[in-house]
Amino acid sequence: MLSPPFIQYKNLYVIPTYHPRIEFAKVVRSAFFQVFPDLIAVELPNNVREEVMEGIKRLPYLSLIAYADTLNPQALDFIPIAPGASIIEAIRTGLEYNVPLE
């Protein structure tokens, strides 16, 4: 029997991923249907939350969100909105099944 695609501690399920790999997006989706979570927590800056949600709603079209780095305002950080990214898949699946996102 295969081990589950997550680490479990009490009622917390953690999925270690490498962001740009579709294999991890598949693991996220598989784990969702094994656990049926009450809440999904992802690494997502609050200051770009609405833009990320808008980009996810545009899928399958790709988006790239740029925002100023708080520690170095002259530098930009980027968030690619692509269906193969594990965090994007976690958010997309949560939205699809009305699971709260933090």
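Start with helix α2, residues 49-58, and helix α3, residues 86-96: in this predicted model, the two pack at an angle of about 80 degrees, and their axes sit 10 Å apart. Angles of 65 to 115 degrees count as roughly perpendicular, so that is how α2 and α3 lie to each other. If you want to see who does the touching, look on α2 for V52, M53 and I56, which meet I88, I91, R92 and L95 of α3. Sort the residues of this contact by character and you get six nonpolar, no polar and one charged.

Now for the empty space. The largest pocket has a volume of about 660 Å³. It has 23 lining residues, and the ones closest to its centre are Y13, I15, L39, I40 and A41. Which elements give two or more residues to this lining? They are β2 (12-14), α1 (22-35) and α3, the helix we just met. Of the lining, α1 provides the largest share, with four residues. As for character, 17 of the lining residues are nonpolar, four are polar and two are charged.

Then there's the second largest pocket, which holds about 330 Å³ of space. Its lining is made of 15 residues, and to find the centre you can head for H19, E43, I79, P80 and I87, which lie nearest to it. Helix α3 turns up here too: α3 and β4 (76-81) each supply at least two of the lining residues. By character, this lining splits into twelve nonpolar residues, two polar and one charged.

Notes:
Residues numbered from 1 in each chain as written. Predicted model: local features only at pLDDT ≥ 70, side-chain atom pairs only at ≥ 80, totals over all residues. Heavy atoms only, no water. Axes fitted to C-alpha atoms, helices over the stretch in contact; angles between N-to-C directions. Parallel < 35°, antiparallel > 145°, perpendicular 65-115°, else oblique. Contact = heavy atoms within 4.5 Å. Nonpolar A, V, L, I, M, F, W, Y, C, P; charged D, E, K, R; others polar. 1 Å grid on protein atoms, 1.4 Å probe; cavity = no way out; pocket = protein on both sides within 12 Å on 5 of 7 lines; lining within 4 Å. Points joined across faces, edges and corners; volume = space filled by probe spheres on them.
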